[in-house]
Amino acid sequence: MNPAENYILNQSEPYKGILIFLQTFIENTIPEVNLKFKYRIPFYYIDGRPFCYLNKSKDYVDLGFWMAAHLKDNTEYMTKAGRKVMQSLRYRSFEEIDTAILEAVLEEAYNLKDKKFYK
């Protein structure tokens with residue numbers, strides 16, 4: 001098992017379940033992703049470039065997007081939380097996960113995968 005999967009499996013519930021769900025959803029929606037353990041968190045890469053990350057923090061799970069500066073759709077569901085460029089979908093429970101929005105954001109991010117970090 002790789003360190004990213006260990007990170008996910010070592011979380012307490014409900015965060016472990018949320019992380020496993022997101023991992024499965026991401027990998028089924030964007031099959032080209034490669035899960036690595038970077039910056040001490042699970043980080044997805046496509047063609048050697050950062051795509052998105054999973055992070056359990058305090059009382060929520062963040063699904064952060066590397067090219068968030070370019071995202072235009074569904075940004076009202078995302079948070080910057082004091083960050084200048086990065087944005088994330090934030091989940092405290094399974095009930096907060098809207099799979100239609102999640103899929104739309106993943107697909108938009110995938111279409112922007114070749115963009116630079118900043119605009």
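Here is a guided walk through this predicted model, from its sheet to the helices and a loop residue.

Let's start with the sheet. Five strands form an open sheet in the order β1-β2-β3-β4-β5, and their pairing is antiparallel. Look at the two ends of that order: β1 (34–38) and β5 (87–91) are the edge strands, and each has a single partner strand, so one side of each has no neighbour in the sheet. On average, neighbouring strands are turned by 25° against each other, if direction is ignored.

Now zoom in on one pair of strands. Strand β4, made of residues 60–65, pairs with β5 in the antiparallel sense, and five bridges join the two. You can pick out one of these partnerships by finding G64, whose bridge partner in β5 is S88.

Next come the helices that lie across the sheet. Helix α2, residues 15–29, lies across β1, β2 (41–46), β3 (49–57), β4 and β5. Its direction makes an angle of about 165° with β3. Helix α3, residues 99–111, lies across β2, β3, β4 and β5, and runs at about 30° to β4.

Let's stay with α3 for a while. How far apart should the ends of its 13 residues be, at 1.5 Å a residue? The expected span is 18 Å, and the end C-alpha atoms of α3 are indeed 18 Å apart, so the two values agree.

Which residues of α3 are buried? They are I101, L102, V105, L106, E108 and A109. If you look down the axis of α3, these buried residues fall within an arc of 165°, which means that they line one face of the helix. The face turned away from this buried side carries A100 and N111, which are exposed. The cover over the buried residues of α3 includes α2, β3, β4 and β5.

The start of α3 has a detail worth finding too. There, a side-chain oxygen of D98 comes to within 3.0 Å of the backbone nitrogen of A100.

Finally, visit the loop between β4 and β5, where you will find N74. Is N74 buried or exposed? Its relative accessible area is 19%, and because a residue counts as buried when this value is under 20%, N74 is buried. Leaving aside residues up to four places away in sequence, N74 touches I101, A104 and V105. Two of these names may sound familiar: I101 and V105 are among the buried residues of α3.

Key
Residues numbered from 1 in each chain as written. Predicted model: local features only at pLDDT ≥ 70, side-chain atom pairs only at ≥ 80, totals over all residues. Heavy atoms only, no water. Pairing = 2+ DSSP bridges. Helix = DSSP H or I, 4+ residues; strand = E, 2+ residues; numbered from the N terminus. Axes fitted to C-alpha atoms, helices over the stretch in contact; angles between N-to-C directions. Contact = heavy atoms within 4.5 Å. Expected span 1.5 Å × (residues − 1). Buried < 20%, exposed > 50% of the residue type's maximum accessible area, 1.4 Å probe, protein only. Arc of directions from axis to C-beta. Polar contact = N/O pair within 3.5 Å; in protein donor to acceptor, adjacent residues only side chain to side chain.
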